[in-house]
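Reader: Could you walk me through this structure, please? I would like to start at the ligand and then move on to the strands.

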Amino acid sequence: MDLSVRFWEPGKEFLRIEEEAMDTMRTVLRAGDLIMRQQMLDFEQHLAEFVGTSDAVGVSNCTDGLRLLLEAVGIGPGDEVITVSHTFMATMAVIHHVGATPVLVDVTDDYNMDVDLIERAITKKTKAIMPVYLNGRLVRMDRLMEIAEAHNLMVLEDTAQALGGSYMGVRGGAWGVAGAFSFYPAKLLGAYGDAGAVVTSARPDSRVGAGTAASTTCRRRSSTSS
Ligand SMILES: Cc1ncc(COP(=O)(O)O)c(C=O)c1O
C-alpha cells in the first residue's frame, strides 16, 4: 500500500476552480489584454486594501520584490541589514545581491526573530531591519518598531509567508516602510507560476514610493512598446 502523502497537489486544487479559472483565462486571452490588465490593477487595489497600505504593486516574485525595496530605499555596499537566521534563503540573498551585509539574529520559541536580540546587532552601518513572518506569524512588531525608531532604521518586511497575518490588529506589510509578498504556487495565495507583490504606504515622492512607482512605470512602458 502506498502511504505517501503529497505535500501539495496543485493539479487537484485546480479541479476545484477549473471552470472559473478557465472562464477568466478565456476572457483575458480573447481580449489580448496581457500586460497591466484591469484584473491585475483591481487585484493590486484589493491587496492594498486588505493589507492596509495605500499601494500594492505586482512583481515577478517576492525575491524580486524585496530586492526592489532594498534598492528603492538606497541600501547597498557598506550597509548592514538585520534579519533572522531561520528563514528562506531569499531573505539573505537579496541583501547580499544589493551589496549589503545581512546581520543575523537568532530565533525565539516560535522560531521567528527574537526581537530582544536586535539592539545588540546594531552597528553604525545598520540601515534597516528585515523581519520575516514564518508560517504566517508576525514577530513582536510593536517592540521592533520602537527599536527601529530609536535607532532611525527602516523596516522592510519579508512577509512572503504571511498574507493575512497580523499583530495587534495591524497586518504584515503595513508595519514598516514596505513589505513584499510571495504568490509562489505553494503559498497561501498561490499563482500558476511565480508571482509576488510589494505593498507600501510611502509617499510617492519618497525613495520607496518612487521605487515602487518606477516598477509600475516600467511595466506600463513594456505593455505599450510592442
Ligand atoms: C520567508 C520567505 N522569503 C522570501 C521568499 C521568496 O519568495 P519567492 O519564491 O516568491 O521569490 C520565500 C519563499 O518561499 C519565503 O518563504
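Author: Happy to; here are some questions and answers on the ligand shell, one helix and one strand. This is a predicted model, in which local features need pLDDT of at least 70, side-chain atom pairs count only at pLDDT 80 or more, and totals for chains, interfaces and linings use all residues. Residues are numbered from 1 along each chain as its sequence is written.

Reader: Which elements give two or more residues to the shell around the ligand?
Author: The ligand is surrounded by 14 residues, where near means a C-beta atom, placed from the backbone, within 6 Å. Elements are DSSP runs numbered from the N terminus: helices (H or I) of at least four residues and strands (E) of at least two. Those that give two or more residues are helix H3 (62-72) and helix H4 (89-97).

Reader: How many of the residues of H3 are buried?
Author: Buried means 20 or more other C-beta atoms within 10 Å of a residue's own, with C-beta atoms placed from the backbone. Cys-62 and Thr-63 are among the buried residues of H3, and both are also among the closest to the ligand. The count for H3 is 9 of its 11 residues.

Reader: Why is strand E2 largely enclosed by the rest of the structure?
Author: In a regular strand, side chains alternate between the two faces of the sheet. On one side of E2, Glu-80, Ile-82 and Val-84 are buried, and on the other, Val-81 and Thr-83. E2 (residues 80-84) is largely enclosed because its buried residues number 5 of the 5.

Reader: Which residue of E3 stands opposite Glu-80?
Author: Strands pair if DSSP finds at least two bridges between them. E2 and E3 (residues 101-105) do so in the parallel sense, over 5 bridges. The residue opposite Glu-80 in E3 is Thr-101.

Note on methods. A residue is buried if 20 or more other C-beta atoms lie within 10 Å of its own, exposed if 12 or fewer, and partly exposed in between; C-beta atoms are placed from the backbone.
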